[in-house]
Amino acid sequence: MKKLLALLLSIVMVASFTACTNSQDNSDLKDTQDTQATTLSNEDVNAETLDTDVLEWVDFAQYNLDETAQVKNIILMIGDGMGENIIKASEIVKGDRLVMSGLPYQTHVTTYSQSVTDGLAEFTDSAASATALSTGVKTYNKYIGVDKDGNKLETICEFAKGLGMKTGLVDRHYVCHATPAGMAAHTDNRDNYPEIIKEMLASEIDVMFGGGAQHYKDIKSVQRTASKHSYKFIDNEEDLLSATSSDGRLLGLFAYANMDRASMNPSLTTMTSKALDLLDNDKGFFLMVEGSNIDVFESAQDMTSTLEQMQSFDKTVDLVLKWAEKHPGTLVLVTADHETGGVVIPENATAKDINDSCFTSGGEHTNTNVLLMAGGAQSAEICKPDLIDNTDIAKYMRSVLSKE
Ligand SMILES: [Zn+2]
């Protein structure tokens with residue numbers, strides 16, 4: 001009898017377990033989502049949790065951007081390694097368009113560097129590409145803000161500063177890594193971080209947020225340069241959130257090395273939001289925002305982590321466009337320095353087809369053209385040709401700022 005009871009009990013248990021696992025109703029799905037959200041915010045133990053810190057796809061939206069105003073502010077957003085196919089792959093997984101895809105104007109951009117032209121390399125690196133986007137001149141890979149003969153070029157930050165504008169750089173890798181460095185420094189060696197960060201500080205960029213605190217904390221001469229140029233140094237989210245424009249120039253380095261995980265706080269969105277608050281002024285500003293680690297995880301052929309970076313970057317595009325809606329005279333440019341990973345999407349792909357096998361270049365950069373997506377003040381003209389060069393973006397930024 002006992003045996004029969006035990007058998008009956010186990011049959012009931014198996015049946016109810018099966019019912020549970022087969023259940024796909026909305027309340028179960030919602031429970032799972034809630035649990036994931038709780039896990040994410042629990043990682044953030046000390047810092048104030050903003051909704052900008054939650055990692056998820058931001059809803060697609062379109063924005064009411066004034067196109068006719070003269071350009072006062074430029075926000076240049078660079079997804080490092082963000083080729084057109086990683087945008088498409090993100091949209092397949094999201095099941096909707098990314099915010100950046102909804103920008104009113106789009107064109108394609110060539111990215112090859114002087115090293116490619118001269119047969120010295122197969123594709124550009126981030127240094128030569130950042131230099132092209134910043135100065136309008138092609139140069140060799142590894143070169144930052146100098147031409148192929150090593151002559152100093154005027155960076156976009158120098159140009160903007162010359163017009164009395166404020167300048168800011170926000171990235172997730174070292175603050176002196178290739179892309180932000182290309183906006184502000186001059187050297188024929190992108191790996192010379194101490195010299196690069198000193199030059200960035202000496203050029204008095206108003207706001208610099210990113211990773212790479214080692215290049216400040218461990219090097220006395222960098223600290224001296226920062227204090228000589230009146231920088232306040234911060235290294236945590238709390239100090240970032242409480243910063244005001246009366247603090248003067250601000251150097252915020254929030255990780256010892258790369259802020260590689262999209263979930264590391266402060267998020268790209270939070271850093272960008274604060275930079276916008278601090279830079280907004282009557283004479284306008286130039287702000288570069290980089291989604292630095294899209295490239296890093298494409299190089300590692302890690303699709304899940306790449307998509308997290310895309311979530312974070314697109315969420316920041318959403319924040320920037322909401323800001324631009326309220327600030328007419330803002331030109332928003334979203335582009336990439338090059339494609340990374342040779343991302344290929346299978347025909348009729350669904351979300352499950354977007355995985356590590358989509359990377360086909362062994363983690364290398366490629367010469368595939370990238371997109372420029374533009375919105376806001378004077379955003380139409382740059383996208384009129386079907387194909388432009390990365391140097392055209394630098395030239396265009398100068399032309400719209402020169403028109404008073
Ligand atoms: Zn790059």
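Strand 11 (residues 370-376) has seven of its seven residues buried, so it is largely enclosed by the rest of the structure. This is a predicted model, and the points below begin with the sheet to which strand 11 belongs, an open sheet of 10 strands with mixed pairing. They then turn to a residue of strand 3, to a pair of crossing helices, and to backbone geometry in three loops.

**The sheet around strand 11**

- The strands of the open sheet follow the order 5-6-4-3-7-1-8-11-2-12, and its edges are formed by strand 5 (231-234) and strand 12 (387-389), each of which pairs on one side only.
- Neighbouring strands of this sheet are turned against each other by 20° on average, when direction is ignored.
- Strand 11 runs antiparallel to strand 2 (residues 105-110), to which five bridges join it, and it also pairs in the antiparallel sense with strand 8 (residues 330-336), over four bridges.
- Which residues stand opposite Met373 of strand 11? Gln106 is one of them, and Val334 is another.
- Strand 2 is joined to strand 12 by three bridges, and these two strands run parallel; within this pairing, Thr110 has Asp389 of strand 12 as its bridge partner.
- As a general point, strands of a sheet pair through backbone hydrogen bonds, in either the parallel or the antiparallel sense.

**Thr167 and the helix across the sheet**

- Thr167 belongs to strand 3 (residues 166-174) and is buried, because 24 other C-beta atoms lie within 10 Å, where the cut-off for a buried residue is 20 or more.
- Leaving aside residues up to four places away in sequence, Thr167 touches Cys157, Ala160, Lys161, Ile205, Asp206, Phe285 and Phe286.
- Thr167 and Ala275 are 108 residues apart in sequence, while their C-alpha atoms are 9.6 Å apart in space.
- Helix 12 (268-279) lies across strand 3, strand 4 (207-211), strand 6 and strand 7 (285-291), and runs at about 165° to strand 3.

**Two crossing helices**

- The axes of helix 3 (residues 84-94) and helix 14 come within 10 Å and cross at roughly 90°, which means that helix 3 is roughly perpendicular to helix 14.
- Helix 3 contributes Ile86, Ser90 and Val93 to this contact, and helix 14 contributes Thr306, Leu307 and Met310.
- Sorted by class, the contact between helix 3 and helix 14 has four nonpolar residues, two polar residues and no charged residues.

**Backbone geometry in loops**

- Most residues other than glycine have a negative phi, and most peptide bonds are trans.
- Where does a cis peptide bond occur? The bond joining Asn265 and Pro266 is cis, with omega about 0°, and Pro266 has its place in the loop between strand 6 (249-253) and helix 12.
- Gln301 has a positive phi of about 55° although it is not a glycine, and it is found in the loop between helix 13 (293-299) and helix 14 (303-326).
- Asn348, which is not a glycine either, has a positive phi of about 55° and is found in the loop between strand 9 (339-340) and strand 10 (365-366).
- Are Gln301 and Asn348 buried or exposed? Gln301 is buried, with 21 other C-beta atoms within 10 Å, whereas Asn348 counts as exposed because it has 6 C-beta neighbours inside 10 Å.

Conventions. Residues numbered from 1 in each chain as written. Predicted model: local features only at pLDDT ≥ 70, side-chain atom pairs only at ≥ 80, totals over all residues. Buried ≥ 20, exposed ≤ 12 C-beta atoms within 10 Å, placed from the backbone. Axes fitted to C-alpha atoms, helices over the stretch in contact; angles between N-to-C directions. Parallel < 35°, antiparallel > 145°, perpendicular 65-115°, else oblique. Contact = placed C-beta atoms within 7 Å. Nonpolar A, V, L, I, M, F, W, Y, C, P; charged D, E, K, R; others polar. Pairing = 2+ DSSP bridges.
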